[in-house]
Amino acid sequence: MSDKHQIKEIRLRLMLSNIEKMDVASLTELTVALHDFKNKQGFTPTIIAITETWEDAEENATYALKGYEYVGKPTPRGPKATRPHGGVGFWVHKAVFPQCSRAQVNDNHKDILWIQLVDSKISITTYVAVV
């Protein structure tokens, strides 16, 4: 096999966080945790899976985390609910975000979000889900 056809190893570094409401305070805590992981352990996640975002599907809120792009899925609010609940999402590192999209799955459960990362150079698709 020639050098130009060698498959380069791709390392996805995953992190899971239950944040209980996506807001400035929770994103500040996540930023501090990311800084600590990077400085103390040399770890920078490629994808951060988030649970309990409490996103409101009726709001048009925007979220920011330096170096990442957000893909989220709010849980529909029930008729008697007084606040948002549930919700899942991913913070995807900007280096791989152009290769990322929501995955279309046959069983579209309301509490599961699938994303896919496509590397067309080596014909590999990686799927990641958060529940």
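Two strands count as paired here if DSSP finds at least two bridges between them. With that in hand, the sheet in this predicted model can be read off pair by pair. Strand 5 and strand 6 run antiparallel to each other over three bridges, and within this stretch Ser-101 sits opposite Gln-116 of strand 6. On to the next pair: strand 6, which covers residues 113-119, joins strand 7 over seven bridges, again in the antiparallel sense. Leu-113 has Val-130 of strand 7 as its bridge partner, while Val-118 is matched with Thr-125 in strand 7. Strands of a sheet pair through backbone hydrogen bonds, either parallel or antiparallel.

Put together, these strands make an open sheet of three, in the order 5-6-7, with antiparallel pairing. Strand 5 (100-102) and strand 7 (124-130) are the edge strands; each has a single partner strand, so one side of each has no neighbour in the sheet. On average, neighbouring strands of this sheet are turned by 25° against each other, direction ignored. Strand 6 and strand 7 also form a hairpin, with four residues between them. In that turn, Ser-123 has a positive phi of about 55°. As for strand 6 itself, five of its seven residues are buried, so the rest of the structure largely encloses it.

Stepping back to the whole chain, the protein has one helix and seven strands, which follow one another from the N terminus as β-α-β-β-β-β-β-β. Its C-alpha atoms fill a box of roughly 65 × 40 × 20 Å along the principal axes. Of the 131 residues, 33% count as buried. Among contacts with a separation of 6 or more, 58% are between residues 24 or more positions apart.

Now for the helix. Helix 1 takes in residues 24-41, and at 1.5 Å a residue its 18 residues should span 26 Å; the end C-alpha atoms are 25 Å apart, which agrees. Its buried residues are Ser-26, Leu-27, Leu-30 and Leu-34. They cover an arc of only 95° around the axis, which puts them on the same side of helix 1. Val-24, Glu-29, Asn-39 and Lys-40, on the other side of the helix, are exposed. What do the buried residues of helix 1 pack against? Their partners are strand 1 (14-18), strand 2, strand 3 (68-73) and strand 4 (88-93). Right after helix 1 comes Gly-42, with a positive phi of about 65°.

Strand 2 spans residues 47-51 and includes Thr-51. Thr-51 has a relative accessible area of 13%, under the 20% limit, and is therefore buried. Beyond its neighbours within four places in sequence, Thr-51 contacts Leu-16, Ser-17, Asn-18, Ile-19 and Glu-20, along with Gly-87, Val-88, Val-130 and Val-131.

Glu-69, in strand 3, makes a contrast in exposure: at 31% relative accessibility, Glu-69 counts as partly exposed. Leaving out residues up to four places away in sequence, Glu-69 touches Phe-90, Trp-91, Val-92, Lys-94 and Phe-97. Glu-69 and His-93 are 24 residues apart in sequence, with their C-alpha atoms 6.4 Å apart in space.

That leaves the nonpolar interior. In soluble globular proteins, nonpolar side chains tend to be buried together. The largest nonpolar core here has 13 residues, and Phe-90 and Ile-115 are the ones that touch the most other members. Strand 2, strand 4, strand 6 and strand 7 are the elements that give two or more residues to this core. Another core, of 12 residues, lies apart from it and includes Leu-27, Leu-34, Tyr-68 and Tyr-70. Which residues does Ile-115 contact, leaving aside its neighbours within four places in sequence? The list runs through Ile-47, Val-71, Phe-90 and Val-92, then Cys-100, Ser-101, Arg-102 and Ala-103, and ends with Thr-126, Tyr-127 and Val-128.

How values were computed
Residues numbered from 1 in each chain as written. Predicted model: local features only at pLDDT ≥ 70, side-chain atom pairs only at ≥ 80, totals over all residues. Heavy atoms only, no water. Buried < 20%, exposed > 50% of the residue type's maximum accessible area, 1.4 Å probe, protein only. Contact = heavy atoms within 4.5 Å. Expected span 1.5 Å × (residues − 1). Arc of directions from axis to C-beta. Axes fitted to C-alpha atoms, helices over the stretch in contact; angles between N-to-C directions. Core = buried A, V, L, I, M, F, W, Y, C linked by side-chain atoms within 4.5 Å.
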